[in-house]
Amino acid sequence: MTPYDDISPQAPPEAMVPARAPLIDGFGRTVSYLRLSVTDRCDLRCVYCMAEHMVFLPKIEVLTLEELDRIATAFVGLGTRKLRLTGGEPLVRKGMLDLVRSLSRHLKSGALEELTLTTNGTRLTEFAGQLADAGVRRINVSLDTLKPDLFKKLTRGGDVAKVLRGIAAAQAAGLAVKINTVALRDDNAAEIPDLIRWAHGEGCDLTLIETMPLGEIEADRTDQYLSLKGVRRELESFWTLEDLSHSTGGPARYVRVAETGGRLGLITPLSHNFCELCNRVRLTCTGTLHTCLGQEDETDLRAVLRAGASDVQLEQAIREAIAGKPKGHDFEIARARPAVARHMSTTGG
Ligand code: SAM
Ligand code: SF4
């Protein structure tokens, strides 16, 4: 018996589907994508993401699986078509598979187009098959280097072999795997072509991400920041990059590498602003809804839930938050302070 056994595929929130009037913000953007952080905890301590000695949240502050399900279901009822589970590390959350199985009822009903997750890959050997069985089709795995020593340094103790086994297990289970790589000037800049070659050889897309100034960490981010404009220029000195129109409505721009045949994404929040097409919002594991990754705006949906809100009241709170979605972020890496105080592991990357 798990704490989540009481949510069955026939639970009442199903009645909220199909969607009513979609969520449209004050700038006319339709919000159809929710990233849901299911925990702030993680089994790694990536240097750009967390402080070495992170203080994690008390359990009472974190949404229960039932609360996560209820909020996600409310979003689905309001037209959310894509749901990404993230963290922290989603696969360290107890009962995570129960949540995935429960949410997959929205895939079956057709209300949700995609249920996916972003993971560091350390637990995929254990969970890949069950995720696939629950209806997950694609996952993102974060991997910044293939070098065991560097991986250990960047994650403060992780084992890259475990992640590679996890990726293999995911593929064997039929999951499409996209690799996410944070570009770090001093650590993996020189390895980026090898990482791309490797990923494409494995049949995976790879997306490069610029470091974003989120949360206090010990390191100086101006040391880590690597502009992907420069990376692209470098790659074009020996590869042919063909622009693709493929878009996820998100911040990535895609190119095809003619020589490898694979797809490369570039997420450039700092050197290129991507806000005008933004279709997404984020919910932290404490139930705080952030309608912009780079602004401090927030709505406390946990307070709404724990005050005993009805589905209609919850929907109203979500609509009000979306109406106030900011036009865009204004990240700037050279600032001494992070643009926002919360860590990526809390917001859900
Ligand atoms: N633990 C999972 C993982 O690592 O994939 C999911 C959560 S993690 C916060 C999501 C993504 O955010 C990862 O790809 C990670 O590399 C990225 N990330 C974390 N901190 C970041 C930062 N300051 N700038 C850019 N990307 C960051
Ligand atoms: Fe954990 Fe992901 Fe943050 Fe790394 S990036 S510390 S794996 S939450």
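## Around ligand 2

A residue is near a molecule if one of its heavy atoms lies within 4 Å of it. In this predicted model, the residues surrounding ligand 2 are Cys 42, Leu 44, Arg 45, Cys 46, Cys 49, Met 50, Gly 88 and Asn 120. By type, this shell holds 5 nonpolar residues, 2 polar ones and 1 charged one.

## The sheet

Now to the strands. An open sheet contains 12 of them, and the pairing is mixed. The order across the sheet is S9-S10-S11-S8-S7-S6-S5-S4-S3-S12-S13-S14. Which strands form the edges? They are S9 (241–243) and S14 (299–300), and each of these pairs on one side only.

Look at the S14 end. Strand S13 covers residues 288–290 and pairs with S14. The two strands are antiparallel and share 2 bridges. Here Leu 289 is opposite Thr 299 of S14.

Strand S3 (residues 33–37) is also part of the sheet order. Leu 34 lies in S3. Leu 34 counts as buried because its relative accessibility is 0%. Its C-alpha atom is 5.7 Å from that of Arg 280, although 246 residues separate the two along the chain.

## Strand S11 and its neighbours

Strand S11 runs from residue 263 to residue 267. How many of its residues are buried? The count is 5 of 5. Cover comes on both faces. Arg 263, Gly 265 and Ile 267 are buried on one side, and Leu 264 and Leu 266 are buried on the other.

In the sheet order, S11 stands between S10 and S8. The two pairings run in opposite senses. S8 (residues 205–210) pairs with S11 in parallel, over 4 bridges. One bridge links Ile 209 to Ile 267 in S11. S10 (residues 252–257) runs antiparallel to S11, and 5 bridges join them. There, Arg 256 has Arg 263 of S11 as its bridge partner.

## The hairpin turn

S10 and S11 make a hairpin, with 5 residues between the two strands. In the turn, Gly 261 has a positive phi of about 80°. Gly 262 also belongs to the loop between S10 and S11. Is Gly 262 buried or exposed? It is buried, because its relative accessibility of 10% falls under the 20% cut-off. The C-alpha atom of Gly 262 lies 9.7 Å from that of Glu 202, which is 60 residues away along the chain.

## Helix H1

Helix H1 has 13 residues, from 65 to 77. From first C-alpha to last, H1 reaches 18 Å. That is close to the 18 Å expected at 1.5 Å a residue. How many residues of H1 are buried? The answer is 11 of its 13, so the helix is mostly covered. Among them are Leu 65, Leu 68, Ile 71, Ala 72, Phe 75 and Val 76. Glu 67 and Asp 69 are buried too.

After H1 comes Gly 79, with a positive phi near 100°.

## A positive phi outside glycine

Most residues other than glycine have a negative phi. Arg 156 has a positive one, near 55°. Where does Arg 156 sit? It is in the loop between helix H5 (148–154) and helix H6 (160–172). Arg 156 counts as partly exposed because its relative accessibility is 26%.

## Rings and charges

A pair of aromatic rings is described by the distance of the centres and the angle of the planes. The structure has 1 such pair. Phe 238 and Trp 239 form it, with 5.3 Å from centre to centre and 70° between the planes. What is this arrangement called? It is edge-to-face, because planes over 60 degrees apart count that way. The partners differ in cover. Phe 238 is partly exposed, at 37% relative accessibility, whereas Trp 239 is buried, at 8%.

Two rings have a charged end over them. The charged end of Lys 82 sits over the ring of Tyr 33, 4.8 Å from the ring centre. Likewise, the charged end of Arg 263 sits over the ring of Tyr 254, 5.5 Å from its centre. Arg 263 is also one of the buried residues of S11 and the bridge partner of Arg 256.

Note on methods. Residues numbered from 1 in each chain as written. Chains lettered and ligands numbered in written order. Predicted model: local features only at pLDDT ≥ 70, side-chain atom pairs only at ≥ 80, totals over all residues. Heavy atoms only, no water. Buried < 20%, exposed > 50% of the residue type's maximum accessible area, 1.4 Å probe, protein only. Pairing = 2+ DSSP bridges. Expected span 1.5 Å × (residues − 1). Phe/Tyr/Trp six-rings, centres within 6.5 Å; stacked < 30°, edge-to-face > 60°. Lys NZ or Arg CZ within 6 Å of the ring centre and 35° of its normal. Nonpolar A, V, L, I, M, F, W, Y, C, P; charged D, E, K, R; others polar.
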